[in-house]
Amino acid sequence: MTQPAPMAEIWRGPFLESIHLGHAVICDDSGQIVQAWGDPDLVVLSRSSSKMIQALPLLESGAAAQAGLTPRHLALACASHSGMPIHTNMVRDWLADLALSEPSLRCGPHYPSHRATEVAMIQARETPNQLHNNCSGKHSGFLTLTKHLGAGPEYIDTDHPVQKAVLEAFERTTGAPSPGFGIDGCSAPNFASTLHHMARAMAHFAASPDYSAEAQLHQAMRAHPEYVAGDGHACTELMRACNGKAAIKTGAEGFFNAILPDLKMGISLKIADGTTRASECAMAAILVKLGVLEPDHPAALRIMNAEIKNRRDIVTGYIRPAPALL
């Protein structure tokens, strides 16, 4: 099947009102497809869901060890964080340890996605800076590698040694040359692959030995899910609900990746219309299907049967996984 498959349904009362279509692949440690929905050969941009790959050169080069980075730093390097103080304070301190500061980043500023932090900033008339960018941890990792290599400050340029190292890691873990790249929201290159090859990369992470750079990254994510996203975010909530059995990472435009070390499997999915609510629902359903997430866990119930409310806070419907995923 090469056409997108039903991934999530929107119900309003007894009526099926909308359907989100998409593609998903589960790979084993040999790179073979265990199960697929839609088109495994679809060329995709994995966006922030592939930050684990972008962080590999940070460890493999020895830069992380030289800088004394902890598992919390590594989790933050893989993060799309919500801009809570635990995130921004760590990024600030990380840069200071490199004898750098916020202007050294190249990710751009935006308000935190953590609502309470955003409101507090607005009330205090504080202007957001690049520390609040959800990718500032990844960019701090890039800067750490830049300093280790003695390279120039424009680490987001595609011909910079940092991005050349990222491309090498990307093609090595996916097992195929990248057909190109797009520029991500944080200004860094985001390399393309097929959905199958991205799931293969996640399975590669899952099957890597405990001492490897891949294992160090997914172990850090599983140990510190609060640094990967933040309270109330699906990545953090699902990792907590899986009790360390999965490293899960979302990306813009309806992308999701998951690393399952116990099963030595990887999951990649893309919602065709780029909707986050559908990608979260679909990923939770696949995790339940594989026995990694308990179906009656509050986080699973909340994400797989998310309430839709109107302006009067009345529940008018639900988001549910498409039957094909169950």
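A pocket, on a 1 Å grid over the protein atoms alone, is an open set of points with protein on both sides within 12 Å along at least five of seven lines, whereas a cavity is a set of points where a 1.4 Å probe fits but cannot get out; lining residues have an atom within 4 Å of a point. Grid points are joined across faces, edges and corners, and a volume is the space filled by probe spheres set on the points.

The model is predicted: local features need pLDDT of at least 70, side-chain atom pairs count only at pLDDT 80 or more, and totals for chains, interfaces and linings use all residues. Residues are numbered from 1 along each chain as its sequence is written, and side-chain values use heavy atoms, with hydrogens and water left out.

**Exercise 1.** Describe the largest pocket and its lining.

Solution.
- Step 1: the volume of the largest pocket is about 440 Å³.
- Step 2: 25 residues line this pocket, and S48, S80, N134, T250 and A252 are the closest to its centre.
- Step 3: two or more lining residues come from each of helix 12 (234–241), strand 7 (247–251) and helix 13 (276–289). Helices (H or I, at least four residues) and strands (E, at least two) are DSSP runs, numbered from the N terminus.
- Step 4: strand 7 gives the largest share of the lining, 3 residues.
- Step 5: sorted by class, the lining has 9 nonpolar, 12 polar and 4 charged residues. Here Ala, Val, Leu, Ile, Met, Phe, Trp, Tyr, Cys and Pro count as nonpolar, Asp, Glu, Lys and Arg as charged, and the others, Gly among them, as polar.

**Exercise 2.** Describe the largest cavity and its lining.

Solution.
- Step 1: the count comes to 1 cavity of 30 Å³ or more.
- Step 2: the largest cavity has a volume of about 60 Å³.
- Step 3: its lining consists of Q54, A55, P57, L58, A77, K138, G141, F142, L145 and V166.
- Step 4: helix 2 (56–60) and helix 7 (136–149) each supply at least two of the lining residues, and the largest share, 4 residues, is from helix 7.
- Step 5: by class there are 7 nonpolar, 2 polar and 1 charged residues in this lining.

**Exercise 3.** Is M52 buried or exposed, and which residues does M52 contact?

Solution.
- Step 1: M52 lies in helix 1 (residues 51–54).
- Step 2: M52 has 0% relative accessibility, so M52 counts as buried. Buried means under 20% relative accessible area, exposed over 50%, and partly exposed in between (1.4 Å probe, protein chains only).
- Step 3: leaving aside neighbours within four places in sequence, M52 is in contact (heavy atoms within 4.5 Å) with C78, M202, F205, L217, M221, K249, N257 and I259.
- Step 4: A213 is 161 residues away from M52 along the chain, and their C-alpha atoms are separated by 9.8 Å.

**Exercise 4.** Where is R125, and is R125 buried or exposed?

Solution.
- Step 1: R125 sits in the loop between helix 6 (115–123) and helix 7.
- Step 2: the relative accessibility of R125 is 78%, so R125 counts as exposed.
- Step 3: R125 is not a glycine, yet its phi is positive, about 55°. Most residues other than glycine have a negative phi.
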